[in-house]
Amino acid sequence: MESYDVVIVGTGPAGLGAAFELLESRPSFNILLIDKQRVSSGGLRNDCKMNFTWPIGFPLECWDEATGKHYLERVEAFLEPHFMEKRNIEIYRKRAEKIGVQLLDVRQSHLGTDGGFKLIKDLTARLKELGAAFSFGEEMLRVEPRSRVLITDKRELQYDSLIVAPGRGGFAFLQRLMEELGIKYRDNVVDIGVRIETTEEHYPIVSDYYDPKFLFPKKTRTFCTNSRAAYVVQERYGDEKQGYWYSINGHAWSHERPPNGLVNFAILKTITLTQPLASGQDYAQMLGHLAALLGGGRPIMQRIGDFRLGKRSFANSFTGDLYNFNPSLPSCTPGDISLCIPAKTMRAIWNAMKLLDTIVPGVMHPSTIMYYPEIKLYANRPVFIDENFQVLPGIYFIGDGAGTSRGITSAWASGMRAAHGIIRLSNN
Ligand SMILES: Cc1cc2nc3c(=O)[nH]c(=O)nc-3n(C[C@H](O)[C@H](O)[C@H](O)COP(=O)(O)OP(=O)(O)OC[C@H]3O[C@@H](n4cnc5c(N)ncnc54)[C@H](O)[C@@H]3O)c2cc1C
């Protein structure tokens with residue numbers, strides 16, 4: 001059986017961050033990274049917009065300010081981002097403050113989906129040069145913690161330390177793993193919302209601030225703004241047995257691609273379930289299935305003009321002089337999102353939209369499209385046994401799947417922090 005000092009499952013930013021940090025301190029470590037996909041690497045592939053301002057992307061349940069800032073500085077020093085300029089922020093901030101909205105000033109870089117591919121290639125090559133081994137198209141199935149054996153769909157592997165970083169797409173896998181290993185976890189927070197698509201003309205702030213982050217009342221916020229060559233996309237969840245549902249997302253290409261004049265961003269409301277404690281995943285899945293039911297198996301899109309009049313959208317809401325741009329994800333079903341989004345969530349989002357339209361007039365143009373559902377699962381956070389995200393002796397769970405991050409930079413920071421745990425224990 002092959003044996004490694006460290007096996008890392010998942011080649012997203014969490015896994016890569018851990019690998020680099022380990023090899024910097026322990027160049028002789030024998031490290032293997034596996035990924036079930038044939039191409040590296042998780043979320044770096046999508047848009048690759050990186051935030052370098054605390055606490056963006058850092059779940060406060062796992063990070064205090066001093067630790068988060070310390071790691072963020074190290075992530076920045078490693079990735080050497082090229083920051084985007086911002087203009088006229090004071091004007092927008094003053095408008096926002098007057099109506100009880102906060103505009104965060106976030107240091108951001110943006111590579112675009114194609115730029116992300118290049119970064120992944122570069123990082124993978126650098127890790128190989130440093131001596132790390134990669135195995136793509138190999139899926140972790142289970143682990144036997146006592147004998148420190150990892151079982152994949154291809155073989156059995158002996159490890160000293162195991163880092164599991166399967167990302168958001170690995171929620172169900174991680175949940176099953178925690179149940180098998182008797183690791184307690186919490187799964188009670190979820191973000192539900194819509195993705196807005198409009199023209200740059202109707203949301204001109206993006207030429208001043210690439211991804212403006214507004215915080216509205218009722219735990220509602222803008223999230224993941226894309227512009228210039230921006231597209232709405234869908235991600236599939238579920239399985240054959242229980243049926244599939246879709247969550248909307250968005251990305252943009254780098255400046256090398258021709259612009260399409262569109263902007264998309266999410267407005268999300270955070271929902272924390274308390275008494276009786278229900279699973280955030282189950283709740284999200286039910287909402288996802290409901291949207292799929294009413295959308296005929298596809299996500300739903302509705303023009304703001306129709307929503308305001310209390311009417312569903314039809315195919316002809318997507319033509320005509322008022323509805324003057326085509327959706328970038330035309331496979332969605334024109335319909336009525338208010339039939340499937342919980343009233344409290346819809347009210348918070350609609351209120352946020354109105355406030356946003358006061359700060360950036362134009363975004364509520366009748367042609368603006370709302371796509372539903374956009375669901376972010378941030379759950380399945382295990383009970384860690386140390387501050388380095390160890391869940392059982394020698395096993396670390398990190399990244400978006402384990403709830404230690406909500407973005408590329410914090411995922412990378414999580415990887416570094418787990419690596420430090422392994423290094424510390426290897427000194428003893
Ligand atoms: C469309 C989209 C756009 C996004 N845009 C941004 C953005 O612009 N900025 C930002 O900060 N964040 C963005 N995110 C979020 C960001 O991608 C995540 O926060 C980040 O990638 C999390 O890193 P991770 O390493 O935890 O997981 P991931 O990056 O998801 O990587 C997990 C990896 O583990 C692999 N894996 C899963 N299960 C197994 C298994 N059992 N065996 C082997 N391998 C497995 C997966 O194939 C995957 O490659 C976006 C996400 C999406 C989906």
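This report describes the overall build, the two domains, selected strands, the nonpolar core and some unusual backbone positions of one protein chain.

**Overall build**

The structure is a predicted model, and the protein chain in it contains nine helices and 22 strands. Its radius of gyration is 22 Å, close to the 22 Å that the globule rule gives for 428 residues, so the protein chain is as compact as a globular protein of that length. Taken along the principal axes, the C-alpha atoms of the protein chain fill a box of roughly 65 × 45 × 40 Å. Of the 428 residues, 49% count as buried. When contacts in the protein chain between residues at least 6 apart in sequence are considered, 77% of them join residues at least 24 apart.

**Two domains and their contact**

The protein chain is divided into domain 1, made of 2-84 + 108-186 + 380-427, and domain 2, which covers 189-376. Taken over C-alpha atoms, the centres of domain 1 and domain 2 are separated by 29 Å. The contact between them takes 12 residues from domain 1 and 10 residues from domain 2. On the side of domain 1 that touches domain 2, the elements that give two or more residues are strand S5 (108-110) and helix H4 (112-129), and H4 gives the most, with four residues. Sorted by class, this side of domain 1 has three nonpolar, six polar and three charged residues.

**The nonpolar core**

Where does the largest nonpolar core lie with respect to domain 1 and domain 2? This core has 120 residues, and those with the most contacts inside it are Val 7, Ile 8, Ala 19, Ile 31, Ile 163 and Tyr 371. Helix H9 (residues 408-427) supplies the largest share of this core, eight residues. Because domain 1 and domain 2 both give residues to this core, it lies between them. Ile 31 is one of the residues with the most contacts inside the core, and, not counting residues up to four places away in sequence, Ile 31 touches Tyr 4, Asp 5, Val 6, Ile 8, Ala 19, Leu 22, Leu 23, Ala 132 and Ala 133.

**Strands and their partners**

In a regular strand the side chains alternate between the two faces of the sheet. In strand S17 (residues 300-303) both faces are covered, since Ile 300 and Gln 302 on one side and Met 301 and Arg 303 on the other are all buried. The pairs that involve S17, together with the pair of S14 and S15, are set out below.

| Strand pair | Sense | Bridges | A facing pair of residues |
|---|---|---|---|
| S17 (residues 300-303) and S18 (residues 333-334) | parallel | two bridges | Ile 300 and Thr 333 |
| S17 (residues 300-303) and S19 (residues 369-377) | antiparallel | four bridges | Met 301 and Tyr 371 |
| S14 (residues 230-239) and S15 (residues 243-252) | antiparallel | 10 bridges | Tyr 231 and His 251 |

Tyr 371, which is the bridge partner of Met 301 in S19, is also among the residues with the most contacts inside the largest nonpolar core. Strands S14 and S15 form a hairpin, with three residues between them. Eight of the 10 residues of S15 are buried, so this strand is largely enclosed by the rest of the structure.

**Unusual backbone positions**

Which peptide bond leading to Pro 276 is cis? The bond in question runs from Gln 275 to Pro 276, with omega near -10°, and Pro 276 has its place in the loop between strand S16 (262-272) and helix H6 (280-294). The peptide bond from Tyr 372 to Pro 373 is also cis, with omega near 0°, but Pro 373 has its place in strand S19.

Positive phi values also occur in residues other than glycine. Lys 218 has a positive phi of about 60° although it is not a glycine, and Lys 218 is found in the loop between strand S12 (213-216) and strand S13 (220-227). Arg 228, likewise not a glycine, has a positive phi near 75° and is found in the loop between S13 and S14. Are these two residues buried or partly exposed? Lys 218 has 14 C-beta neighbours inside 10 Å and so counts as partly exposed, whereas Arg 228 is buried, with 21 other C-beta atoms within 10 Å.

Key. Residues numbered from 1 in each chain as written. Predicted model: local features only at pLDDT ≥ 70, side-chain atom pairs only at ≥ 80, totals over all residues. Domains from an automatic or database assignment. Contact = placed C-beta atoms within 7 Å. Nonpolar A, V, L, I, M, F, W, Y, C, P; charged D, E, K, R; others polar. Buried ≥ 20, exposed ≤ 12 C-beta atoms within 10 Å, placed from the backbone. Pairing = 2+ DSSP bridges. Rg over C-alpha atoms; globule rule 2.2 N^0.38 Å. Core = buried A, V, L, I, M, F, W, Y, C linked by C-beta atoms within 7 Å.
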